[in-house]
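Dear colleague,

I am passing on the structure we spoke of, and below it you will find my notes on what turned up in it. Please read them alongside the coordinates when you have a moment.

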Amino acid sequence: MNVGRVKLYDSNPEILRLLSTSKIQVSIMIQNHEIAGIAANQSIADEWVRNNVLSYYPETKIRYLLVGNEVLSYNSEQGHQMWHDLVPAMRSIKRSLKAQDIHNIKIGTPLAMDVLQSTFPPSNGTFRSDIIDIVIAPMLNFLDRTNSFFFIDAYPYFPWSQDPENISLDFALFRGTSTIRDPGSGLTYTNLLDQMLDSLIFAMSKLGYSNIQLAIAETGWPNSGDIEEPGANIFNAATYNRNLINRITTKPPLGTPARPRVLIPTFIFSLFNENQKIGPGTERHWGLLHPDGTPIYEFDLTGKTPLTDFASLPAPTNNVPYKGKVWCMAAKDVNEMELAAALNYACNQGNVSCDALAPGKECYAPVSVTDHASYVFSSYWAKFRNEGGTCHFNGLAEQSTKDPSEFFSPVLFVSI
């Protein structure tokens, strides 16, 4: 695949050993639950570096060491403690690397766009007030002093999908012909990603840090999703990632309007579709490859293949938000024993009544695990959807636009 860099979400020993035979630069990660110990105890930091860096370096070309993942997006009491531990942990790891005379591994932490309180227009970019003093300011000082990168997870899909009437899809996919002028800076934008990145650059500049380098820790576009997740399809995913690759491989670098001709290291999320991941459908469909390793669509990470040389893609059918009703059904061709277990689980959750499925009751017939599961899944989803419940059940359920109550004598299902 001609990959230049690969980012891991841990420090997997098998992968790091295998990468020692390649020229691929590697980013490894300290997981969120490890941050507190490393922040509190230098010896724990030293041990982490011995076990996860020295065991593979320099044969494996570790170039980035990321402390945690989207730490500032956690808003619980435990999350707030992580906020306070983040920069001390970064400093501890830096001391550990310096003690081993390692100076070519950059330390950072990937953050989501929700660290910004304001993003539009980009010149209005400002950090959230609850983190600016306790985390952002000391973190920027560390990144500036160590000449490291501000790692950002930037997904144009999310702002577009939340406001498709006011944000052009072409603008989000790097194929817009229109431009947007920032009245505050006078800069002109041709795509949404540049706007997002520059809002971060302006936010840093307002705190006195105008030269910290940017790196995109995650970006991409989902190749599929739930019925009510517009624009998640193969056509848009291929268009976004192909155009992104062309932009980031252009020489000299394009940069952004606020920082023209500056190289921005970029990681596409993700290598594989994560078929076992929970959550909305898009969560399982960000990959370049299927779980078996076959490509979902053609791409060239070198950026050398002209876009016109790729095979045609299936036309998108969901670029407009779906306005109709949606039901949650048992998926086709799934294991009936697993389906029965999921049915029992849902029946035992609060506010989900399965009494109607008892023998002699109004929804007993037709008597099948699949039909009963569809009733229960739909009821569960209706009850818990607003609390984060999804129509997934470990792959045993799927959304449908067809009213399943027609298979039963009474009206059984609650539409959303």
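In this predicted model, strand β8 (residues 149–153) pairs with β11 through five bridges, and the two are parallel. Within that pairing, Phe 149 has Gln 213 of β11 standing opposite. Strand β11, which covers residues 213–219, is also parallel to β12, to which two bridges join it; here Thr 219 is found opposite Ile 268 of β12. As for its surroundings, β11 is mostly covered, since six of its seven residues are buried.

Turning to the interior, the largest nonpolar core comprises 84 residues, and the members with the most contacts inside it are Val 53, Leu 65, Phe 127 and Phe 150. If residues up to four places away in sequence are left aside, Leu 65 touches, among others, Ile 28, Ile 30, Trp 48, Val 53, Ile 93 and Leu 97, and its contacts also include Lys 106 and Gly 108. There is in addition a second, separate core of 19 residues, which includes Ala 330, Leu 339, Ala 342 and Tyr 375.

In general, nonpolar side chains in soluble globular proteins tend to be buried together. On the surface of this model, however, Met 1, Leu 271 and Phe 272 form a nonpolar patch, whose accessible area comes to about 270 Å² together. Leu 271 lies in the loop between β12 (266–268) and β13 (327–330), and it counts as partly exposed because its relative accessibility is 37%, a value that falls between the 20% and 50% cut-offs.

With best regards

Methods:
Residues are numbered from 1 along each chain as its sequence is written. This is a predicted model: local features need pLDDT of at least 70, side-chain atom pairs count only at pLDDT 80 or more; totals for chains, interfaces and linings use all residues. Side-chain values use heavy atoms; hydrogens and water are left out. Patches are made of residues with over 30% relative accessible area and no salt bridge: like charges are joined within 9 Å, nonpolar side chains (Val, Leu, Ile, Met, Phe, Trp, Tyr) within 5 Å. Accessible areas come from the Shrake-Rupley method with a 1.4 Å probe; for residues, only the protein chains shown count as cover. A salt bridge is a side-chain nitrogen of Lys or Arg within 4 Å of a carboxyl oxygen of Asp or Glu. Helices (H or I, at least four residues) and strands (E, at least two) are DSSP runs, numbered from the N terminus. Buried means under 20% relative accessible area, exposed over 50%, partly exposed in between (1.4 Å probe, protein chains only). A nonpolar core is a set of buried Ala, Val, Leu, Ile, Met, Phe, Trp, Tyr and Cys residues joined through side-chain atoms within 4.5 Å. Contact means heavy atoms within 4.5 Å. Two strands pair if DSSP finds at least two bridges between them.
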